[in-house]
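Dear colleague,

Please find the structure below, followed by a short account of what was found in it.

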Amino acid sequence: MNWEKHYVISYRDKARDNLLHLAGRLEPSNRISGAALQMQRELQWFKEVENIVRPSFKERENNEGKTPREVFTEEHKELVVKGEEWMKSTASSCTVVAALVVTVVFAAAFTLPGGNNSNGTPVYLHDLSFLIFTVSNALGLFASSTSVLMFLGILTSRYSEEDFLRALPMRMCIGLITLFLSMAFMLAAFSCSLHIVLVHRLKWVAAPIILLAGIPVTLFGFLQFPLLVEIVSSTFGPSIFRRQGKEIIY
């Protein structure tokens, strides 16, 4: 190992903070949207440094008698609280929407378009639009139920520091994706139902209404896609140091 690396690894400031102590300090940043994602990045940075320093550095104390992990916890107390508030606020809003979708698609399963024959079978049972309606409605119910469970998992989380690293971002990713899919399936079922009812009467009315049904899904995707991309990139993207392998520096 060259002397530059040796100097960096062996460096201790006046407070006897080593490299891992310094990595545990909070770094103010305005480039990351949301306190939860900033907390995730802070954890990623700390763990990356932890992976390259000597194992003995992890428990070495500074002049205040604090280990690097204790410094990290103390420095990030406020950020953890802000991250919890951000996660709960986002999850609460999305839970309301997902629960509404569950209610709509569940009710639609028992209110078939066109009604039933005298023998109890759906009138448009063999119609392609009815098949698409049934499949879309079922998928919408499954997706919205999954979304509700993911957001409830966020709301009931214990919000420890480690939860911000992968558990909470993964739940948020799954929740947003399934919420988007549930809305898409719900509107697809609505469009098919409208087509079945109006195709033989007001065909010219059905077409523009079906096209307009795609606007809410497009708007939701446009508004939430940047956040989803940022969460996915931060959680599953390359490491901060972009290293091909892990090497402990001695």
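In helix H9, the buried residues are Val217, Phe220, Gly221, Leu227, Leu228, Ile231, Ser234 and Thr235. Buried means under 20% relative accessible area, exposed over 50%, and partly exposed in between, with a 1.4 Å probe and protein chains only. Helices are DSSP runs (H or I, at least four residues), numbered from the N terminus. The model is predicted, so local features need pLDDT of at least 70 and side-chain atom pairs pLDDT 80 or more, while totals for chains, interfaces and linings use all residues. Residues are numbered from 1 along each chain as its sequence is written, and side-chain values use heavy atoms, without hydrogens and water.

The cover over the buried residues of H9 includes H3, H5 and H7. H9 also bends by about 45° at Gln224 (the angle between axes fitted to the seven residues ending there and the seven starting there), and Pro226 follows within four residues.

The largest nonpolar core has 39 residues; such a core is a set of buried Ala, Val, Leu, Ile, Met, Phe, Trp, Tyr and Cys residues joined through side-chain atoms within 4.5 Å. Helices H3, H5, H6, H7 and H9 each give two or more residues to this core. Ile154, among those with the most contacts inside it, is in contact (heavy atoms within 4.5 Å) with residues including Met87, Ala91 and Met172.

Ser157 lies in the loop between H6 and H7 and counts as buried because its relative accessibility is 14%. Beyond its neighbours within four places in sequence, Ser157 is in contact with Asp163, Leu168 and Arg171.

Yours sincerely
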